[in-house]
Amino acid sequence: MTRLKHEDVVEIPTTLEDYDQQLIDKTGCSLKELAARAAGLQANIEVNQLQLKVAVIPMSCGQGIIEGFAESVTGIISYLGFKALTTKSGDAGGVAEAIQEGAEVLFMADDERFVAVNVRTGKVSDNGDATGRGYAVGLERMSNGLEGEKVLVIGAGPVGVGAAIALAGFRAEVGVYDIVSASSERLQENLRRLGYRVTIETDLNAALNHYQNIVDACPAENIILLEHITENTRIAAPGIPLGVQADGLKKVSTRLLHDPLHIGVGTMMFDVL
């Protein structure tokens with residue numbers, strides 16, 4: 001998973017209302033509605049499900065704790081209406097503390113995976129897949145449906161795979177580009193097994209001139225240039241850093257979805273209910 005920085009997450013807890021309003025303006029859905037939809041649920045879930053206690057556990061393994069990360073995840077979960085806390089201890093001590101506090105859902109991230117685990121039911125959600133599905137739903141809502149529409153997925157990692165499967169489920173015509181051709185081929189084969197057809201694109205510049213709907217699921221900067229953006233371009237960009245060139249941001253700003261944690265964390269939470 002892409003490693004976030006302190007500056008990517010520090011303002012999240014204090015800007016959630018503004019973020020939610022912008023999301024509603026762009027997609028017609030609140031974060032709660034979008035995340036629930038991505039998890040295959042209704043936003044008006046039963047009150048007793050909202051009473052689940054959720055613990056976010058700081059993890060020090062690998063490159064260590066990102067200052068503000070756990071608190072921002074806790075803030076998003078709380079904003080969605082759940083009871084959430086950040087454990088005082090990290091790692092194994094944090095897990096023990098969470099269980100002692102009666103937490104039923106645990107959020108944990110290291111350098112390799114970011115997961116939500118429901119210890120009561122055994123349900124597990126991985127951030128990569130959840131983020132991909134969440135952004136696919138966001139693009140579908142921003143476009144008022146994607147049936148028969150061409151959508152380019154840039155990046156064939158876990159986020160790109162999650163997005164591609166969801167987009168295919170919306171009956172979009174999915175194309176995929178990855179700098180590593182074998183990754184595109186694996187994604188194509190995964191979707192073929194599910195009964196979906198995917199077109200592999202080998203020239204990113206040509207593909208960006210051909211597709212109006214884009215999921216940017218790769219960690220490269222300045223790959224979507226001003227020349228690629230039209231008045232009909234819509235971009236769902238879970239990739240960190242944002243791949244849209246600065247000159248193109250103003251032109252696409254009202255048709256661009258991008259955040260460091262919100263949609264992925266929200267979808268993970270609803271996944272494990």
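## Two sheets and a pocket

Let's start with a helix: α5 (residues 69-79) lies across β1, β2, β3 and β4 (114-118), and runs at about 175 degrees to β2. Keep in mind that this is a predicted model.

What is α5 lying on? The strands belong to an open sheet of five, in the order β2-β1-β3-β4-β5, and the pairing is mixed. At the edges sit β2 (83-86) and β5 (124-126), each pairing on one side only. Neighbouring strands of this sheet are turned by 20 degrees against each other on average, if you ignore direction.

A quick bit of background: strands of a sheet pair through backbone hydrogen bonds, either parallel or antiparallel. For a parallel case, look at β1 (residues 53-57) and β3 (residues 105-109), which pair over four bridges. Find A55 and you can spot its bridge partner in β3, L106.

Now for the other sheet. Six strands make up this open sheet, ordered β8-β7-β6-β9-β10-β11, and here the pairing is parallel. Its edge strands are β8 (198-200) and β11, and each of them pairs on one side only. Strand β7 (residues 173-177) is joined to β8 by three bridges, with G175 standing opposite T199 in β8. This sheet has a helix packed on it too: α8 (residues 158-169) touches β6 (150-154), β7 and β9 (213-216), and its direction makes about 170 degrees with that of β6.

Here are the two helices with their angles:

| Helix | Strand it is compared with | Angle |
|---|---|---|
| α5 (residues 69-79) | β2 | about 175 degrees |
| α8 (residues 158-169) | β6 (150-154) | about 170 degrees |

On to some empty space. Rolling a probe the size of a water molecule over the atoms shows where empty space is left. The second largest pocket has a volume of about 390 Å³. Which residues lie nearest its centre? They are Y19, H258, D259, P260 and H262, out of a lining of 19 residues. That lining divides into eight nonpolar, five polar and six charged residues.

Several elements chip in: α1 (6-9), α2 (16-27), β11 (256-257) and α12 (262-271) each supply at least two residues of the lining. Which one gives the most? That's α2, with five residues. As for β11, you have already met this strand at the edge of the six-stranded sheet.

Finally, is α12 mostly covered or exposed? Mostly covered: 10 of its 10 residues are buried. Among them are H262, I263, G264 and F270. H262 is also one of the residues nearest the centre of the second largest pocket.

Definitions and conventions:
Residues numbered from 1 in each chain as written. Predicted model: local features only at pLDDT ≥ 70, side-chain atom pairs only at ≥ 80, totals over all residues. Heavy atoms only, no water. Pairing = 2+ DSSP bridges. Axes fitted to C-alpha atoms, helices over the stretch in contact; angles between N-to-C directions. Contact = heavy atoms within 4.5 Å. 1 Å grid on protein atoms, 1.4 Å probe; cavity = no way out; pocket = protein on both sides within 12 Å on 5 of 7 lines; lining within 4 Å. Points joined across faces, edges and corners; volume = space filled by probe spheres on them. Nonpolar A, V, L, I, M, F, W, Y, C, P; charged D, E, K, R; others polar. Buried < 20%, exposed > 50% of the residue type's maximum accessible area, 1.4 Å probe, protein only.
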